[in-house]
Amino acid sequence: MTTTTSEPGYADLPRLISLMTGDDKHHAAAESTVDVLWVLFDRVLRLGPETARQPGRDRFLLSKGHGPMAYYAVLVAKGWLDEDELADWSSARSRLGHHPDRVRAPGVEISSGSLGHGLPIAIGTALGLRARRFSSRIVTLIGDAELDEGSNHEAIVVAARLGLDKLTAVVVDNQSSSHGWPGGIARRFETEGWAVRTVSGRDHEALYDAFTTPHPGRPLAVVAVVEPKGGH
Amino acid sequence: MPNMRDTFLSTAEEIVNTDPDVAVVLADISAASLAETARRHPDRVINVGIREQLLVSTGAGLALAGLRPIVHTFNAFLVERAFEQIKLDLSHQELGAVLVSYGASYDMPMEGRTHQAPGDVALIDSLPGWYVHVPGHPEEARRLLLDSVPGDSRTYLRLSAQENSAPHLGVGLQTVRTGTRGVVVAVGPMLDRVLEATEGMDVTVLYTSTVRPFDAEGLRAAVPDVADVALVEPYLKGTSAHCVADALADRPHRLLNLGTRRDTEVRIYGTLADHDLVHGLDAGSIALSLKEFFTG
């Protein structure tokens with residue numbers, strides 16, 4: 001008899017997440033980002049533990065650091081972390097907290113938690129990689145309520161003016177912004193010269209298509225719409 | 001010789017022209033002066049407009065991509081307005097940058113409180129591991145900038161319109177005058193006025209433009225067993241008091257702190273000299289404070 005092992009896949013993510021949430025009921029809160037994360041790490045971005053220090057690697061900057069269970073689950077599935085670490089997460093013994101720490105957790109490009117930092121840092125990263133003549137993609141994930149932070153809008157205005165076409169901002173929209181975005185989130189980016197796509201945040205093919213459709217000369221904003229927060 | 005700000009800009013231009021790993025990030029301030037350099041190096045001289053949060057975050061992102069950022073604007077906007085970006089995007093991420101400010105505590109006195117940031121060094125001092133340089137002469141500013149670019153340190157270089165007549169290019173506490181009654185520490189642009197104020201006094205005068213890390217050993221070496229120490233800083237009074245207290249923890253000592261006032265917000269406009277007087281940082285006021293302290 002032979003035993004085969006295979007890399008965990010998308011179907012394993014609920015189980016991995018439940019190792020942190022402890023039950024099935026909190027999946028929704030933990031999982032607003034899970035499909036976006038999976039498509040990015042599985043099919044779009046050129047990154048992995050084996051290329052973690054290559055200067056020309058693609059970069060994923062999780063700006064919305066709240067509820068990182070799906071992120072940690074994907075990092076386990078892609079070999080950055082060991083599954084055994086998840087049950088103990090957020091304890092003093094663990095390197096995995098409620099907000100990821102880049103200094104402690106492999107695969108984490110930026111420490112996050114305070115909202116409104118990922119996209120502005122991504123501007124600098126895109127500028128730096130362009131100056132170094134790398135063709136790397138830079139993707140940052142933000143939440144629709146996170147867009148309330150004004151620092152994002154400093155970045156949204158500048159990104160297209162500087163022609164940062166390697167930059168993608170994916171906004172996971174669970175309609176949790178207190179005052180909302182009249183005309184839709186995409187319009188906020190489009191006004192400033194971004195290429196925009198609004199798709200279901202649960203539809204892997206639509207997400208993949210949105211992430212990979214060419215957008216020459218312009219940064220890309222993908223609005224990934226999921227169920228309203230608290231609507232489950 | 002050009003003033004500190006012009007010296008910084010010409011030195012930054014030299015660095016960008018010769019080091020392909022250095023980028024300068026601006027928020028409109030000084031952008032006109034570096035316009036020609038920006039035309040030559042559009043990828044590495046970046047003006048984000050009047051967006052100071054993005055200014056610092058962009059510097060952090062450049063460091064994340066492997067470049068060495070020099071980030072510059074007035075200190076009220078660089079340190080106070082964007083402090084969370086300094087704390088999180090640089091310190092917490094463990095990313096390096098050279099932050100260069102102009103404005104000091106009241107370099108633009110006619111602009112009023114909005115353009116004054118006497119608490120900038122105290123704010124940076126709340127974060128571990130930063131180098132803080134407060135040059136007292138344009139040649140010191142140039143040297144400190146050139147010394148800060150190699151490596152990946154987090155460095156704050158605080159330029160000022162006020163300067164001393166001669167440079168002192170050393171690191172740590174440098175002995176300018178020796179005496180027996182006590183020690184006066186002059187920081188950056190405070191040196192000339194401290195020398196004038198202590199003329200004829202039997203005190204040691206130490207000078208530093210490199211204030212963090214604080215040269216504790218240099219202070220211990222300069223003071224006798226029972227120490228009277230006066231600290232004359234060009235920013236918030238007592239910013240370095242905790243450093244002196246730690247350095248002399250095992251010795252009886254008294255400490256006089258001179259610096260910008262904590263007890264009131266100074267709302268006058270006027271000139272640099274007007275503000276020196278209000279804060280007690282002109283040579284005459286310093287002399288009176290020191291005489292009272294050392295004879296007390």
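What follows is a walk through a predicted model of two chains, A and B, starting with each chain and then moving to the sheet, the contact between the chains and a few local details.

Let's begin with chain A. It holds eight helices and five strands, and reading along the sequence you meet them in the pattern α-α-α-β-α-α-β-α-β-α-β-α-β. The radius of gyration of chain A comes out at 17 Å, close to the 17 Å that the globule rule gives for 232 residues, so chain A is as compact as a globular protein of that length. If you lay the C-alpha trace of chain A along its principal axes, it spans about 60 × 40 × 35 Å. Of the 232 residues in chain A, 47% are buried. Its contacts reach along the sequence too: taking those with a separation of 6 or more, 75% are between residues 24 or more positions apart.

Now for chain B, which has 12 helices and 12 strands. Here the radius of gyration is 19 Å, close to the 19 Å that the globule rule gives for 296 residues, so chain B is as compact as a globular protein of that length. Its C-alpha atoms fill a box of roughly 60 × 40 × 35 Å along the principal axes. Buried residues account for 52% of the 296 in chain B. As for contacts between residues of chain B at least 6 apart in sequence, 72% of them join residues at least 24 apart.

A good landmark in chain B is its open sheet of seven strands, which run in the order S2-S1-S3-S4-S6-S5-S10 with mixed pairing. Strand S2 (45-47) and strand S10 (210-212) of chain B sit at the edges with a single partner strand each, so one side of each has no neighbour in the sheet. On average, and ignoring direction, neighbouring strands of this sheet are turned by 20 degrees against each other. Strands of a sheet pair through backbone hydrogen bonds, and they can do this either parallel or antiparallel. Take strand S3 (residues 68-74) and strand S4 (residues 97-102) of chain B: they pair in the parallel sense over five bridges. To find the register, look at B:Ile70, whose bridge partner in S4(B) is B:Val98.

Next, find helix H3 (residues 52-64) of chain B. H3(B) lies across strands S1 (22-26), S2, S3 and S4 of chain B, and runs at about 170 degrees to S3(B). H3(B) also has a helix from the other chain to deal with. Two packed helices are described by the angle between their axes and the distance between the axes. Helix H5 (residues 118-131) of chain A packs against H3(B) at an angle of about 45 degrees, with the axes 6 Å apart. That makes H5(A) and H3(B) oblique to each other, and their crossing is right-handed. On the H5(A) side the contact includes A:Ile121, A:Gly124, A:Leu127 and A:Gly128, while on the H3(B) side B:Leu54, B:Gly59, B:Gly61 and B:Leu64 are among the residues involved.

Stepping back to the whole contact, 25 residues come from chain B and 23 residues from chain A. On the side of chain B that touches chain A, the elements giving two or more residues are H3 and helix H5 (83-92) of chain B. H3(B) gives the most there, with nine residues.

Back inside chain B, strand S9 (residues 204-208) is worth a stop. It is mostly covered, with five of its five residues buried. In a regular strand the side chains alternate between the two faces of the sheet. In S9(B), B:Thr204, B:Leu206 and B:Thr208 point one way, B:Val205 and B:Tyr207 point the other way, and all are buried. S9(B) pairs with strand S7 (residues 174-177) of chain B in the antiparallel sense over three bridges, and with strand S8 (residues 183-187) of chain B in the parallel sense over five bridges. B:Val205 shows both pairings: B:Arg177 stands opposite B:Val205, and B:Val184 stands opposite B:Val205 as well.

For a contrast, finish in a loop. B:Pro42 lies between helix H2 (35-40) and S2 of chain B. B:Pro42 is exposed, with 11 other C-beta atoms within 10 Å. From B:Pro42 to B:Ala23 is 19 residues in sequence and 9.7 Å in space, C-alpha to C-alpha.

How values were computed: Residues numbered from 1 in each chain as written. Chains lettered and ligands numbered in written order. Predicted model: local features only at pLDDT ≥ 70, side-chain atom pairs only at ≥ 80, totals over all residues. Helix = DSSP H or I, 4+ residues; strand = E, 2+ residues; numbered from the N terminus. Rg over C-alpha atoms; globule rule 2.2 N^0.38 Å. Buried ≥ 20, exposed ≤ 12 C-beta atoms within 10 Å, placed from the backbone. Contact = placed C-beta atoms within 7 Å. Pairing = 2+ DSSP bridges. Axes fitted to C-alpha atoms, helices over the stretch in contact; angles between N-to-C directions. Parallel < 35°, antiparallel > 145°, perpendicular 65-115°, else oblique. Left-handed = near helix turned anticlockwise from the far one by under 90°.
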